[in-house]
Structure formats: C-alpha cells, structure tokens
Amino acid sequence: MLELKHLRTLAVLRETGSLTSTATQLCLTQSALSHQLKDLEQRIGSQLFLRKTRPVKFTEEGQVLLRLADDVLPRMAKAETELAAMKEDAQGRLHMAIECHSCFQWLMPALKEYKVGWPLVTLDFSSGFGFEPIPALAGGNLDLVITSDILPRSEIHYEPLFDFEMRLVLADTHPLASKAFIEPEDLAQETLLTYPVQRQRMDIIKHFLQPVGIEPAQFKSADNTLMLIQMVAAGLGVAALPNWAISEFSRQGLVVDKPLGKGLWRRLFAAVRNQDAQRPYLQAFFITARNQCHTHLEGIKRV
C-alpha cells in the first residue's frame, strides 16, 4: 500500500511547509504531486494534512506516516551507502609492493586464485626494492605491502600471514655443511649471496649478524631464487633464504641448508592502511594468501 516515494514526499512536505516548494524540490509538477497525495489518501482512507494551511498541518494519520518516514528513510539511506561502498570495493584497486623476492613463488598462484572471486579489482605490483614501500603505502601510492619488517606507524595495519624460518644454504662440499647450526662468526669470511636488496633490510644482516657486529667478507647479488641456488651449488658463496623457498632444492641434493643459530624465525605480513583494513576485497586477499601458503608451502607455521 505504501511506497518509499510516499514517505519521501511527506518528509519533504513537512520540511518545506508548502505544496509548491515540495513539487519544486521533488522535480514534480503541481498536478503530479497532487495526484500522488490524493492516491495515497485514497489508499489509507484518510486525509493526511489540512489543505490551505501554511505551513501545512498534518492530521494524526499524517503524523503516523511521518514517524514511519523518520524511521525508514535514514535506514534506507544507510543501506544505499553500504551497497555503494560494496560496489566500490568490488571494483577496487590493489597496487602492492613485495619486499621479498621469494614471495613471487606463492604470490602468483594466490593472485590467480584471488582474481576468480574478485575479477573487478585492479591488480598491480612493484618489487619494493628501489624505494621505501611503507611510506608509499601511507601516502596512498600503494595499497598493500608484503613484508617481514614492522615499521610502527599509527596509520598502518599489519595483517599476519605466516611464520617462516630463514636458513643458510650451502653447497654440500662447503666446510660449514658439517655443522649442526650456523653461528654469526662462521660467516665472517664468507661471500653472502643475496637478492639486490638494501643490506639493512636483509633479515640475516638485521637480525643475525648486525646485533653481534659481524659482516660477511663479501656480497654478491642475483635477481631470483633459482640463480642464487645455482651460485651456491657452484661454490660461489652462501645464501640465507626462507625454508619454504629451498625445500625442493634440498630434497634434490642440489644444496644443503642449516639453521641460523637456534633458528631465525620471521613473520610475514600484509601491510595496509588502517582505514582500509576491513574492506571486503582486502579481507578476501588475506584469506586467499593464507590458504594458498598453508596448502602449498613447506615448513611454515600458522599465526
């Protein structure tokens, strides 16, 4: 019997106090407005307001409908806003940076799976090695950063993905291959093979060697994990890599891997802006990434 347009019309009529102003605000002709009001009065069988009063005076029946309008219209507006936000999320942008070369191993399959459920989200990524990604995230240039380092900032939320162990990778003929675990001083005369990353951002430097004031004798870099493994196998140096990135190579006997000290465990995070953390398309990415990693990566721990 009642329609939202009726409630909106009565609310505007109360606000303006006149039929002429109401028609103008609703973009209706005087005739169309009068027809709508008469149709409503016929439906409920009662007069809603007194004609030829200024401002318009509502009857008791009219007051009942106005109270209904005050209840329903704000709720409708809120629902419309939420639906619009959901539509915006479904078409959102996920521009990410990855502070971990090895992460491409699981990230690409995760993104492929993610796109199935969120095809309208625009995906793009940068390596995150030539600039400081967290400030870029805070400034709105990025939407997500995959990182193992927390830089405390009030506007950044760090979503934990999983825990992993950094291990030292060596050729099976290397003198350190016979040790049960690696101590910082063992690396003082070694060539450390790394990704092309700033040294202060390397886990083995920041969390294993630097605290005791030790630095490797030499550094060499390679662009990807396979190249690092091949260089290690050829005896060109040693490398520190995540346990899940080297398990297959160790199984094949191409290299051996040893724990760093009692075990250098790190946690991988997806960093996003606080204000965006609850967006559905970001929450869906967190879930997809965690599921993909726990299904396919060896040696990691749930958080």
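## Helix 3, end to end

Let's start with helix 3, which covers residues 30-44 of this predicted model. How far apart should the ends of a helix of 15 residues be at 1.5 Å a residue? The expected span is 21 Å, and the end C-alpha atoms of helix 3 are 22 Å apart, so the two values agree. The residue that follows helix 3 is G45, and its phi is positive, near 75 degrees.

Now turn the helix and look at its sides. Buried residues in helix 3 are L33, Q36, L37, L40 and E41. They lie on the same side of the helix, because the arc they cover around the axis is only 130 degrees. On the face turned away from that buried side you will find S31, H35 and Q42, which are exposed.

## The nonpolar cores

Next, move to the inside of the model. Nonpolar side chains in soluble globular proteins tend to be buried together. Here the largest nonpolar core has 48 residues, and those touching the most other members are W106, L144, I146, F162, I204 and F285. Which helix gives the most to this core? That is helix 10 (residues 280-296), with seven residues.

W106 is a good place to pause. Setting aside neighbours within four places in sequence, W106 is in contact with I146, L161, F162, W244, L268, A289, Q292, C293 and L297. Two of these partners, I146 and F162, also appear among the residues that touch the most other core members. There is also a second core, separate from the largest one; it has 14 residues, including L193, V197, L228 and L241.

## Salt bridges

How many salt bridges does the model hold? The count comes to 24. One of them joins the side chains of R93 and D143, with N and O 2.7 Å apart. R93 sits in strand 3 (residues 93-98), while D143 sits in the loop between helix 6 (133-138) and strand 5 (144-147), so this pair ties together parts that are 50 residues apart in sequence. The two partners differ in their surroundings: R93 is partly exposed, with a relative accessible area of 36%, whereas D143 is buried, at 8%.

Another pair is K179 and D186, whose side chains meet at 2.7 Å, N to O. K179 is partly exposed, with a relative accessible area of 24%, and D186 is buried, at 17%, because the cut-off for buried is under 20%. Some salt bridges share partners, and in this way R93, D143, R273, D276 and R279 are joined into one network.

R153 and E155 form a salt bridge too, with their closest N and O atoms 2.9 Å apart. Both ends of this pair are partly exposed: the relative accessible area is 34% for R153 and 31% for E155.

## The cysteines

Last, a look at the cysteines. The number of disulfides comes to zero. Is C27 buried or exposed? C27 has a relative accessibility of 71%, so it counts as exposed.

C293 is in no disulfide, and the nearest cysteine sulfur, which belongs to C103, is 7.8 Å away. A disulfide needs sulfur atoms within 2.5 Å, so C293 and C103 do not make one. C293 counts as buried, with 0% relative accessibility, and C293 is also one of the residues in contact with W106.

Notes: Residues are numbered from 1 along each chain as its sequence is written. This is a predicted model: local features need pLDDT of at least 70, side-chain atom pairs count only at pLDDT 80 or more; totals for chains, interfaces and linings use all residues. Side-chain values use heavy atoms; hydrogens and water are left out. A nonpolar core is a set of buried Ala, Val, Leu, Ile, Met, Phe, Trp, Tyr and Cys residues joined through side-chain atoms within 4.5 Å. Buried means under 20% relative accessible area, exposed over 50%, partly exposed in between (1.4 Å probe, protein chains only). Helices (H or I, at least four residues) and strands (E, at least two) are DSSP runs, numbered from the N terminus. Contact means heavy atoms within 4.5 Å. The expected span of a helix is 1.5 Å times one less than its number of residues. The arc is that of the directions from the helix axis to the C-beta atoms. A salt bridge is a side-chain nitrogen of Lys or Arg within 4 Å of a carboxyl oxygen of Asp or Glu.
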